[in-house]
Structure formats: C-alpha cells, structure tokens
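The exercises below walk through a protein chain and the ligand beside it. Please look at the sequence and the structure before reading each solution.

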Amino acid sequence: MDFVLKSCKLREFQPSDAGAIARLANNPAIASNLRDAFPSPYTFDKAVSWLEMVEFNKQNFLRAIIVDGELAGSVGLHACHDVYRFNLELGYWLGEPFWNRGIMTEVVKAIVAIGFNELKAHRIFAGIFGFNTASARVLQKCGFKHEATLHQSVFKNGQWADELVFALINPQHVDQ
Ligand SMILES: CC(C)(COP(=O)(O)OP(=O)(O)OC[C@H]1O[C@@H](n2cnc3c(N)ncnc32)[C@H](O)[C@@H]1OP(=O)(O)O)[C@@H](O)C(=O)NCCC(=O)NCCS
C-alpha cells in the first residue's frame, strides 16, 4: 500500500530501486550518521542484497521515499522482540539533494501514525548519534522526547560518540 504525503510518497521497495539506492546512499555524509551495517562505500551489489533482505524479512515495515517520481530515501520501523515487542525502532535516511525541505519531518509524522494506528506499537524510539543535529531536530519537530544520553556508547569512524535516545509513547495508551 502506498501513502501519499504532501512532499512525497511512501511505497514498498522494488528490485529496480537498487541503482538509485546505490547512487544516493554511497555518500559518507549519510553513512557517518548511521550504524556500520549501512555500507560505505554503498555499491550496487550491496543495494541488491539489501533489497533481497527486505523482500525476505517482512517483520520490519520499510518504505521507499519517492519525491517527484524519484527514489529519495528510506524509512523503516523495525520490530523488537521479547519484552520489547510493543516497541518499534525508527530509522531513516534521505539522499543529500533532498535535505532541508521538511521531507523527513513529514515522513516521520506519517510513519509514526502508521506505527501506532496500524502496527499497534506502544512506543516508537530512535537512537541517534550525538552530533546528528538535523536528525535530533526532525525528532523534536515530530514530538519525540529526548529520554536518555548513552555517553560514549558509539564508536563511529574511529571516534567515540554519545547516542541520544528519543521516544514517543502511543498517545492513545497514555493513562492506561
Ligand atoms: C537527518 C535527515 C533525515 C533530515 O532530513 P530532512 O528532510 O533534511 O529533515 P527536515 O528538512 O525535515 O528537518 C531538518 C531540520 O534540521 C535542521 N538542520 C539541518 N542541518 C542542521 C545542522 N547542521 N545544524 C542544526 N540544524 C540543522 C534544519 O534546519 C531543519 O530544522 P528546521 O525545520 O527547524 O529549520 C537527513 O539529513 C539525512 O538523511 N541525514 C543522513 C542520514 C541520517 O542522519 N539519518 C538519521 C539517522 S538517526
């Protein structure tokens, strides 16, 4: 199912997205803000493998962000397990040509609504690196609360960094 927003559309990934993903995601300005599982360099073959994983693993809710008919990025809600099973972990990236137009703020608001209303999450959270001011701003604009700073928990590109945990509790569950 597609979700049509003002600035973009969210649709399921398809195998033909590999070229566009590799082109946009092969950018250290993106990779430096993400876990090392996000490849850098991001080759076409890595994109193909990732798309195969998406097709295979339907537990996670992943969507391509499409701007003016062009793939612009990715957003996902990742399933948690055991006692965390009513949590979803939010992740996202946008190609650099699309930054600072309010796109991810709109996307996060939309996917949060899907997470709470369709996927019945109790809590949606994101862990971001302490230096990622743009991502912190996106989450603040979407009403997320800065819950914790995990000091020097991250080792990225040869340096220690803090992780900031942002979260939102399903407003329909408050006071239950
Ligand atoms: C983080 C990211 C998704 C933001 O997407 P976006 O569509 O550009 O975000 P928006 O335009 O909705 O909002 C960005 C906000 O950050 C602000 N911002 C951007 N760069 C900034 C900086 N260096 N310092 C301070 N604020 C900054 C913008 O001004 C804007 O805030 P405003 O609306 O109050 O002016 C995008 O930059 C990205 O993909 N980065 C690389 C990958 C990444 O960080 N993913 C998230 C990992 S947790």
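A residue counts as buried if 20 or more other C-beta atoms lie within 10 Å of its own, as exposed if 12 or fewer do, and as partly exposed in between, with C-beta atoms placed from the backbone. Helices (H or I, at least four residues) and strands (E, at least two) are DSSP runs, numbered from the N terminus. This is a predicted model, in which local features need pLDDT of at least 70 and side-chain atom pairs count only at pLDDT 80 or more, while totals for chains, interfaces and linings use all residues. Residues are numbered from 1 along each chain as its sequence is written.

**Exercise 1.** Determine which residues of H3 are buried, and explain why they line one face of the helix.

Solution. Begin with the buried residues of helix H3 (residues 44–56), which are Ala47, Trp50 and Val54. Seen down the axis of H3, these fall within an arc of 65° (the arc of the directions from the helix axis to the C-beta atoms), so they line one face of the helix. Next, turn to the other side of H3, where Asp45, Glu52, Met53, Glu55 and Phe56 are exposed. Finally, look for the cover over the buried residues of H3, which includes helix H1 (18–25) and strand E3 (61–67).

**Exercise 2.** Work out what H5 contributes to the shell around the ligand, and which of its residues are buried or exposed.

Solution. First, H5 (133–141) is one of the elements that each supply at least two residues of the shell, and with 5 residues its share is the largest. Among the 21 residues around the ligand (a residue is near a molecule if its C-beta atom, placed from the backbone, lies within 6 Å of it), those that come nearest include Ala134 and Arg137. Second, Ser135, Val138 and Leu139 of H5 are buried, and they fall within an arc of 95° seen down the helix axis, so they line one face. On the other side of H5, Thr133, Ala134 and Arg137 are exposed. Last, just after H5, glycine 143 takes a positive phi of about 90°.

**Exercise 3.** Find the order of the strands in the sheet, and explain why E1 and E7 each have a side without a neighbour.

Solution. Start from the open sheet of 8 strands, whose order is E1-E2-E3-E4-E5-E6-E8-E7, with mixed pairing (two strands pair if DSSP finds at least two bridges between them). Strand E1 (3–4) and strand E7 (145–156) stand at the edges with a single partner strand each, so one side of each has no neighbour in the sheet. Then follow E7 to its antiparallel neighbour E8 (residues 159–169), to which 8 bridges join it.

Conventions:
Contact = placed C-beta atoms within 7 Å.
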